[in-house]
Amino acid sequence: MSSMSFFLYYQAFTLITLSFLPPLSLPAGVVRPTLTVLPPSREELQQGSATLVCLASGGRPSTWSLGWKVGGSSSSSGVSNSPEVLGSDGRYSWSSTLSLPADQWKKAGSVVCEASLDGQSPVTQPLDPDSCSQ
(Lines give C-alpha, C1' and ligand atoms only; values in the text may rest on other atoms or scores of the structure.)
Protein backbone atom coordinates (compact mmCIF):
# COMPACT_ATOMS: atom_id res chain seq x y z
CA MET A 1 0.00 0.00 0.00
CA SER A 2 1.45 3.36 -0.99
CA SER A 3 1.77 6.12 1.58
CA MET A 4 -0.95 8.12 -0.21
CA SER A 5 -3.37 5.16 -0.12
CA PHE A 6 -2.61 4.59 3.55
CA PHE A 7 -3.21 8.29 4.29
CA LEU A 8 -6.60 8.25 2.51
CA TYR A 9 -7.56 4.99 4.24
CA TYR A 10 -6.58 6.48 7.62
CA GLN A 11 -8.63 9.65 6.99
CA ALA A 12 -11.72 7.63 6.00
CA PHE A 13 -11.32 5.35 9.03
CA THR A 14 -10.97 8.36 11.35
CA LEU A 15 -14.07 10.07 9.93
CA ILE A 16 -16.15 6.90 10.22
CA THR A 17 -14.91 6.23 13.76
CA LEU A 18 -15.58 9.80 14.91
CA SER A 19 -19.12 9.70 13.54
CA PHE A 20 -19.97 6.90 16.01
CA LEU A 21 -18.54 8.58 19.09
CA PRO A 22 -21.04 10.16 21.50
CA PRO A 23 -21.06 13.97 21.60
CA LEU A 24 -18.74 15.62 24.06
CA SER A 25 -20.41 15.68 27.44
CA LEU A 26 -20.67 18.58 29.82
CA PRO A 27 -18.80 18.56 33.12
CA ALA A 28 -20.64 16.81 35.97
CA GLY A 29 -23.46 18.93 37.34
CA VAL A 30 -23.68 21.29 34.34
CA VAL A 31 -27.00 21.36 32.48
CA ARG A 32 -27.59 23.80 29.62
CA PRO A 33 -30.78 25.83 30.03
CA THR A 34 -33.49 26.01 27.38
CA LEU A 35 -34.15 29.57 26.16
CA THR A 36 -37.44 31.03 24.96
CA VAL A 37 -37.67 34.62 23.69
CA LEU A 38 -41.02 36.40 23.75
CA PRO A 39 -41.47 39.33 21.33
CA PRO A 40 -43.06 42.68 22.17
CA SER A 41 -46.81 43.03 21.81
CA ARG A 42 -48.34 44.86 18.87
CA GLU A 43 -50.02 47.30 21.29
CA GLU A 44 -46.72 48.17 22.94
CA LEU A 45 -45.05 48.75 19.55
CA GLN A 46 -47.85 51.14 18.60
CA GLN A 47 -47.00 53.13 21.73
CA GLY A 48 -43.35 53.43 20.63
CA SER A 49 -41.61 50.90 22.85
CA ALA A 50 -40.61 47.23 22.68
CA THR A 51 -40.09 44.87 25.60
CA LEU A 52 -38.64 41.42 24.96
CA VAL A 53 -38.48 38.67 27.57
CA CYS A 54 -36.02 35.79 27.61
CA LEU A 55 -36.99 32.79 29.73
CA ALA A 56 -34.21 30.34 30.66
CA SER A 57 -35.29 27.09 32.24
CA GLY A 58 -33.79 23.81 33.39
CA GLY A 59 -30.17 24.91 33.81
CA ARG A 60 -27.60 24.04 36.40
CA PRO A 61 -25.58 25.44 38.21
CA SER A 62 -27.21 28.68 39.29
CA THR A 63 -24.36 30.78 37.88
CA TRP A 64 -25.56 30.86 34.26
CA SER A 65 -26.02 34.49 33.26
CA LEU A 66 -28.35 35.97 30.66
CA GLY A 67 -27.46 38.73 28.22
CA TRP A 68 -28.68 40.29 24.98
CA LYS A 69 -27.23 41.10 21.58
CA VAL A 70 -29.07 43.60 19.40
CA GLY A 71 -28.00 43.70 15.75
CA GLY A 72 -24.91 41.65 16.63
CA SER A 73 -23.68 43.93 19.45
CA SER A 74 -23.97 43.25 23.17
CA SER A 75 -26.56 45.40 24.88
CA SER A 76 -26.75 46.18 28.58
CA SER A 77 -28.92 49.29 28.35
CA GLY A 78 -32.56 48.60 29.17
CA VAL A 79 -31.79 45.12 30.55
CA SER A 80 -33.29 43.77 33.75
CA ASN A 81 -32.45 40.28 35.05
CA SER A 82 -34.36 38.28 37.63
CA PRO A 83 -32.70 36.20 40.33
CA GLU A 84 -32.58 32.47 39.71
CA VAL A 85 -35.40 30.26 40.96
CA LEU A 86 -34.64 26.70 42.08
CA GLY A 87 -37.16 24.15 40.83
CA SER A 88 -38.19 20.94 42.58
CA ASP A 89 -36.02 19.01 40.08
CA GLY A 90 -32.83 20.76 41.28
CA ARG A 91 -32.57 22.88 38.14
CA TYR A 92 -32.81 26.65 37.88
CA SER A 93 -34.89 29.13 35.90
CA TRP A 94 -34.16 32.80 35.16
CA SER A 95 -35.56 35.60 33.08
CA SER A 96 -34.21 38.72 31.47
CA THR A 97 -36.12 41.67 30.04
CA LEU A 98 -34.85 43.97 27.31
CA SER A 99 -36.58 47.32 26.72
CA LEU A 100 -35.94 49.19 23.46
CA PRO A 101 -37.52 52.01 21.51
CA ALA A 102 -39.83 50.48 18.89
CA ASP A 103 -37.82 51.91 15.98
CA GLN A 104 -34.60 50.30 17.31
CA TRP A 105 -36.41 46.94 17.57
CA LYS A 106 -37.69 47.19 14.00
CA LYS A 107 -34.23 48.11 12.64
CA ALA A 108 -32.26 45.59 14.76
CA GLY A 109 -32.08 42.83 12.16
CA SER A 110 -31.84 40.28 14.95
CA VAL A 111 -32.04 40.15 18.70
CA VAL A 112 -30.36 37.28 20.54
CA CYS A 113 -30.75 36.12 24.12
CA GLU A 114 -27.60 34.41 25.35
CA ALA A 115 -27.02 32.27 28.43
CA SER A 116 -23.37 31.98 29.39
CA LEU A 117 -21.36 30.10 31.97
CA ASP A 118 -17.57 30.24 32.38
CA GLY A 119 -15.90 27.47 30.41
CA GLN A 120 -19.02 26.58 28.40
CA SER A 121 -20.15 27.55 24.93
CA PRO A 122 -23.11 29.92 25.21
CA VAL A 123 -26.71 28.89 24.65
CA THR A 124 -28.38 31.32 22.24
CA GLN A 125 -31.91 31.99 21.04
CA PRO A 126 -32.38 34.54 18.24
CA LEU A 127 -35.52 36.46 17.42
CA ASP A 128 -35.90 38.20 14.06
CA PRO A 129 -38.08 41.34 14.24
CA ASP A 130 -39.21 40.77 10.63
CA SER A 131 -40.60 37.34 11.50
CA CYS A 132 -42.84 38.75 14.24
CA SER A 133 -46.21 40.12 13.29
CA GLN A 134 -46.19 43.84 13.91
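**Warm-up: the whole protein**

What share of the 134 residues in the protein do buried residues make up? Work it out, then list the elements.

*Step 1.* Settle the term: a residue is buried under 20% relative accessible area, exposed over 50%, and partly exposed in between (1.4 Å probe, protein chains only). Buried residues come to 28% of the 134.

*Step 2.* Know what you're looking at. This is a predicted model, where local features need pLDDT of at least 70, side-chain atom pairs count only at pLDDT 80 or more, and totals for chains, interfaces and linings use all residues. Residues are numbered from 1 along each chain as its sequence is written, and side-chain values use heavy atoms, with hydrogens and water left out.

*Step 3.* Go through the elements. Helices (H or I, at least four residues) and strands (E, at least two) are DSSP runs, numbered from the N terminus. You'll find three helices and nine strands, in the order α-β-α-β-β-β-β-β-β-α-β-β from the N terminus on.

**Exercise 1: the open sheet**

Find the order of the strands in the open sheet of four strands, and say which ones sit at the edges.

*Step 1.* Two strands pair if DSSP finds at least two bridges between them. As background, strands of a sheet pair through backbone hydrogen bonds, either parallel or antiparallel.

*Step 2.* Here the order is β4-β3-β8-β9, and the pairing is antiparallel. The edge strands are β4 (73-75) and β9, each of which pairs on one side only. From one strand to the next, the twist averages 30°, with axes taken as lines fitted to C-alpha atoms (for helices over the stretch in contact) and angles running from 0 to 180 degrees between N-to-C directions.

*Step 3.* Count the bridges pair by pair. β3 and β4 have three, β3 and β8 have six, and β8 and β9 have five.

*Step 4.* Look at who faces whom. W68 stands opposite S75 in β4. L66 is opposite A115 in β8, and A115 in turn is opposite V123 in β9. S65 has S116 of β8 across from it.

*Step 5.* Check the hairpins. The one made by β3 and β4 has two residues between the strands, and G71 takes a positive phi near 60° there. In the hairpin of β8 and β9, with six residues between the strands, G119 has a positive phi near 85°.

**Exercise 2: the two faces of β3**

Sort the side chains of β3 by the face they point to.

*Step 1.* Walk along the strand and the side chains alternate. L66, W68 and V70 point to one face and are buried.

*Step 2.* S65, G67 and K69 point to the other face and are not buried. K69 is partly exposed, at 29% relative accessible area.

*Step 3.* Now look for a partner of K69. A salt bridge is a side-chain nitrogen of Lys or Arg within 4 Å of a carboxyl oxygen of Asp or Glu. A search of the whole structure finds one: E114 with K69, their closest N and O atoms 3.7 Å apart. The pair links distant parts of the chain, since E114 is in β8, K69 is in β3, and 45 residues separate them.

**Exercise 3: the nonpolar core**

Which residues touch the most other members of the largest nonpolar core?

*Step 1.* A nonpolar core is a set of buried Ala, Val, Leu, Ile, Met, Phe, Trp, Tyr and Cys residues joined through side-chain atoms within 4.5 Å. In soluble globular proteins, nonpolar side chains tend to be buried together.

*Step 2.* The largest core has 26 residues, and L35, L52, W68, W105 and V111 touch the most other members. Elements that each supply at least two of its residues include β1 (34-38), β2 (49-59), α3 (102-107) and β8 (111-116).

*Step 3.* Zoom in on L52. Counting contacts (heavy atoms within 4.5 Å) and leaving aside neighbours within four places in sequence, L52 meets residues including V37, W68, W105, V111 and L127.

*Step 4.* Follow the trail to L127, in strand β9. L127 is buried, at 12% relative accessible area. Besides L52, it touches residues including V37, L38, P39 and C132, not counting residues up to four places away.

**Exercise 4: a bond to spot**

Find where P61 sits and what its peptide bond from R60 looks like.

*Step 1.* P61 is in the loop between β2 and β3.

*Step 2.* The bond from R60 to P61 is cis, with omega near 5°.
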